[in-house]
Amino acid sequence: MAELSDIQNQTIQDEIEEYLERADEIERFTELFARVKPAMQDIAAAIIEGDDDEVDALTAKALENGIDAIEIMDDGLIAGMGIVGIKFRENFVFVPEVLSCARAMRAGMAHIEPILSASGIESQGKVIMGTVKGDLHDIGKNLCIMMLRGSGFEVIDLGVDVAEDTFIDAVEESGAKVLGMSALLTTTMPNMGRTIEAFIDADVRDDVLIMVGGAPVTQEFSDDMGADGYGADALSCVAMAKELIASAA
Ligand code: B12
């Protein structure tokens with residue numbers, strides 16, 4: 001098992017020591033940061049500190065040094081946000097701090113997005129993505145969109161707080177065969193089911209295949225509400241979109 005001292009970045013060491021209390025989380029993040037490159041630890045530390053200028057500079061430097069965009073996304077940006085999430089849950093930080101971290105995340109993603117989108121692969125089909133009504137979380141959705149675009153999908157991004165009718169209108173207007181919904185709050189998760197119901201009520205459920213995701217969403221929840229697929233992360237979002245497009249053909 002990795003030790004805290006295996007992590008080179010002092011901020012990350014301090015954060016784990018000071019803010020993580022659950023044994024499973026201490027172990028998970030110690031293992032994770034001991035495994036990733038020091039440059040990724042530095043990016044994660046800048047995310048945790050909400051320092052967008054630093055994330056901007058470190059991400060650019062990592063890319064210049066030949067580190068893969070997906071590695072930067074997973075081992076730097078998302079890993080840092082993982083610690084922020086725990087600190088938020090445990091009330092060590094509050095909404096304004098988390099917003100700074102989200103801004104820092106965007107500064108990093110701004111470098112990653114053009115690379116993932118520029119792969120020049122033949123179009124795989126159209127996907128509509130949106131965060132459900134009442135929910136303003138969009139970091140995970142935006143990562144999924146980046147990965148989908150990078151894999152050749154044309155993505156229509158409806159943004160956050162998307163009402164049932166807006167999803168329906170977008171499907172009808174665009175003819176997209178796949179719709180992805182994101183939710184991060186247990187209180188907004190049921191709006192995914194309500195959106196599916198709205199498609200049924202409008203008699204257009206058969207026009208589109210629906211995938212769902214977001215931290216609190218599970219395969220079981222997805223099955224219960226009648227979605228066609230579930231993905232736990234951005235990579236599985238792409239895999240699911242491919243599977244659904246293939247089954248719609
Ligand atoms: C950042 C953040 C915020 C930011 C959001 C900024 C933004 N632009 O997104 C701000 C500060 C605005 C915010 C506000 C709130 N938040 Co908040 N937030 C978070 C935090 C810390 C991180 C979320 C995140 O970005 N994760 C990183 C991304 C990469 O992960 P992800 O979203 O899960 O996405 C991945 C997968 O889920 C999947 N995925 C996502 N979508 C989809 C879709 C499809 C189709 C597929 C296949 C896959 C997929 O792929 C993604 C990439 O791998 C979480 C804590 C956490 N651990 O999740 C709390 C959290 C979600 N928030 C929480 C709360 C309570 C709130 C507030 C109510 C706080 C308040 N008192 O005001 C408000 C609600 C605002 C609203 N109406 O939405 C709670 C929810 C608790 C619950 N049980 O519902 C959490 C869990 C924190 C906690 N207490 O533990 N929040």
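**Notes on the ligand shell, the two domains and the helix packing**

1. Start with the ligand: helix H5 gives the largest share of the shell around it, six residues. Bear in mind as you read on that this is a predicted model. In total, 38 residues surround the ligand, and the closest are Gly85, Arg89, Gly140, Gly213 and Gly231.

2. Which elements supply at least two residues of that shell? On the helix side they are H5 (69-89), H6 (95-117), H7 (139-150) and H11 (234-248), and two strands join them, S3 (178-182) and S4 (209-213). Sorted by class, the shell around the ligand comes out as 22 nonpolar, eleven polar and five charged residues.

3. Now step back to the whole protein, which is divided into domain 1 (4-117) and domain 2 (125-248). Where does the shell around the ligand lie relative to them? Both domains give residues to the shell, so it lies between them.

4. The C-alpha centres of the two domains are 27 Å apart. Where domain 1 and domain 2 touch, nine residues come from domain 1 and seven from domain 2. On the domain 1 side, H5 and H6 are the elements that give two or more residues, and H6 gives the most, with seven. That side of domain 1 has seven nonpolar residues, one polar and one charged. If you are colouring the model, H5 and H6 are worth picking out, as each supplies at least two residues of the ligand shell and each gives two or more to the side of domain 1 that touches domain 2.

5. Next, H6 against H7. Their axes come within 9 Å and cross at roughly 10 degrees. An angle under 35 degrees counts as roughly parallel, and H6 and H7 are therefore roughly parallel to each other. From H6, the contact uses Ala102, Met105, Met109, Ile112, Glu113, Leu116 and Ser117; from H7, it uses Ile139, Asn142, Met146, Met147, Arg149 and Gly150. The residues of this contact split into eight nonpolar, three polar and two charged.

6. H6 also packs against H4 (residues 52-64): these two axes come within 8 Å and cross at roughly 25 degrees. That crossing angle makes H4 roughly parallel to H6. The crossing of H4 and H6 is right-handed. On the H4 side you'll find Asp52, Val55, Asp56, Thr59, Ala60 and Leu63, and they meet Arg103, Ala104, Ala107, Gly108 and His111 of H6. By class, this contact of H4 with H6 has five nonpolar, three polar and three charged residues.

7. One more helix pair, this time H8 (residues 164-174) and H9 (residues 190-201). Are H8 and H9 parallel or oblique? Their axes come within 9 Å and cross at roughly 50 degrees, which makes H8 oblique to H9. The crossing of H8 and H9 is right-handed. Glu164, Phe167 and Ile168 of H8 make the contact with Arg194, Thr195, Ala198 and Phe199 of H9. The class split in the contact of H8 with H9 is four nonpolar, one polar and two charged.

8. To find your way around on a first look, try following H6 (95-117). This helix supplies at least two residues of the ligand shell, gives seven residues to the side of domain 1 that touches domain 2, is roughly parallel to H7 and has H4 roughly parallel to it.

Note on methods. Residues are numbered from 1 along each chain as its sequence is written. This is a predicted model: local features need pLDDT of at least 70, side-chain atom pairs count only at pLDDT 80 or more; totals for chains, interfaces and linings use all residues. A residue is near a molecule or strand if its C-beta atom, placed from the backbone, lies within 6 Å of it. Helices (H or I, at least four residues) and strands (E, at least two) are DSSP runs, numbered from the N terminus. Ala, Val, Leu, Ile, Met, Phe, Trp, Tyr, Cys and Pro count as nonpolar, Asp, Glu, Lys and Arg as charged, and the others, Gly among them, as polar. Domain bounds come from an automatic or database domain assignment. Axes are lines fitted to C-alpha atoms, for helices over the stretch in contact, and angles run from 0 to 180 degrees between N-to-C directions. Angles under 35 degrees count as roughly parallel, over 145 as roughly antiparallel, 65 to 115 as roughly perpendicular and the rest as oblique. A crossing is left-handed if the near helix is turned anticlockwise from the far one by less than a right angle, and right-handed if clockwise. Two residues are in contact if their C-beta atoms, placed from the backbone, lie within 7 Å.
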